[in-house]
Amino acid sequence: MTNRIKELRARDGLTQKDLAQAVNVRRETIVFLEQDKYNPSLKLAYDISRVFKMGIEEVFLFKDEL
């Protein structure tokens with residue numbers, strides 16, 4: 001899984017800290033998400049998607065494995 005968090009943060013003028021505070025996690029969690037080193041819980045994915053006013057599947061992209 002990959003995501004568009006960094007791109008969407010830039011679009012909306014949010015810092016990692018801003019997003020972390022909006023979804024009640026530590027800034028480091030956002031760092032790990034942006035580096036594809038952490039897969040969020042469904043609730044966190046939902047909360048992040050709501051901040052960007054998008055569906056989960058528009059923020060988090062699932063790669064098909066062959």
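Is Asp36 buried, exposed or partly exposed? I began my notebook with this residue and found that Asp36 is partly exposed, its relative accessible area being 38%. I should record at once that the model I am reading is a predicted one.

**Entry 1: two residues with positive phi**

I looked up where Asp36 sits and found it in the loop between H3 and H4. Its backbone caught my attention, since Asp36 is not a glycine and yet has a positive phi of about 55°. For background I noted that most residues other than glycine have a negative phi. I then turned to Lys53, another residue other than glycine with a positive phi, in this case near 55°. Lys53 lies in the loop between H4 and helix H5, the latter covering 56-59, and it is Lys53 that follows H4. With a relative accessible area of 74%, Lys53 is exposed.

**Entry 2: the chain as a whole**

I counted five helices and two strands in the protein chain, and reading from the N terminus I wrote down their order as β-α-α-α-α-α-β. The radius of gyration is 11 Å, close to the 11 Å that the globule rule gives for 66 residues, so the chain is as compact as a globular protein of that length. Taken along the principal axes, the box filled by the C-alpha atoms is roughly 35 × 20 × 20 Å.

I also checked burial and surface: 36% of the 66 residues count as buried, while the accessible surface comes to about 4,700 Å², with 50% of it belonging to carbon and sulfur atoms. Among contacts between residues at least 6 apart in sequence, I noted that 56% join residues at least 24 apart. For the charges, I found that the mean positions of the 12 positive and 11 negative ones are 7 Å apart.

**Entry 3: salt bridges**

How many salt bridges does a search of the whole structure find? The search returned six, and I followed several of them individually.

The pair of Arg4 and Glu7 has its closest N and O atoms 2.8 Å apart. I looked up the accessibility of each partner: Arg4 counts as partly exposed at 23%, and Glu7 is also partly exposed, with a relative accessible area of 47%.

Glu34 bridges to Arg9, with 2.5 Å between the closest N and O atoms. This pair links distant parts of the chain, since Glu34 belongs to helix H3 (residues 27-34) and Arg9 to helix H1 (residues 5-12), the two residues being 25 apart. I checked their burial as well and found that both Glu34 and Arg9 are buried.

Asp47 and Lys43 form a further salt bridge, and here the closest N and O atoms are 2.7 Å apart. Both residues lie in helix H4 (residues 42-51), and because they are four residues apart there, about one helical turn separates them. Lys43 counts as exposed at 56% relative accessibility. I noted finally that salt bridges with shared partners join Arg26, Arg27 and Glu28 into one network.

**Entry 4: helix H4 and its cover**

Which residues of H4 are buried? I listed Leu44, Ala45, Asp47, Ile48 and Ser49, so that, under the cut-off of 20% relative accessible area for burial, Asp47 is buried whereas its salt-bridge partner Lys43 is exposed. The cover over the buried residues of H4 includes H1, helix H2 (16-23), H3, H5 and strand S2 (60-61).

I took Ser49 as one example from this helix, and at 2% relative accessibility it counts as buried. Leaving aside residues up to four places away in sequence, I found that Ser49 touches Met54, Gly55, Ile56, Val59 and Phe60.

**Entry 5: a distance between H4 and H5**

I closed with Glu57, which I located in helix H5 and which counts as exposed at 58% relative accessibility. How far apart are the C-alpha atoms of Glu57 and Leu44? I read a separation of 13 Å for these two residues, which are 13 residues apart along the chain. Leu44, by contrast with the exposed Glu57, is among the buried residues of H4.

Key: Residues are numbered from 1 along each chain as its sequence is written. This is a predicted model: local features need pLDDT of at least 70, side-chain atom pairs count only at pLDDT 80 or more; totals for chains, interfaces and linings use all residues. Side-chain values use heavy atoms; hydrogens and water are left out. A salt bridge is a side-chain nitrogen of Lys or Arg within 4 Å of a carboxyl oxygen of Asp or Glu. Buried means under 20% relative accessible area, exposed over 50%, partly exposed in between (1.4 Å probe, protein chains only). The radius of gyration is taken over C-alpha atoms; the globule rule is 2.2 Å times the number of residues to the power 0.38. Contact means heavy atoms within 4.5 Å. Accessible areas come from the Shrake-Rupley method with a 1.4 Å probe; for residues, only the protein chains shown count as cover. Lys and Arg count as positive and Asp and Glu as negative; His and the chain ends are not counted. The place of a charge is taken as NZ of Lys, CZ of Arg, CG of Asp or CD of Glu.
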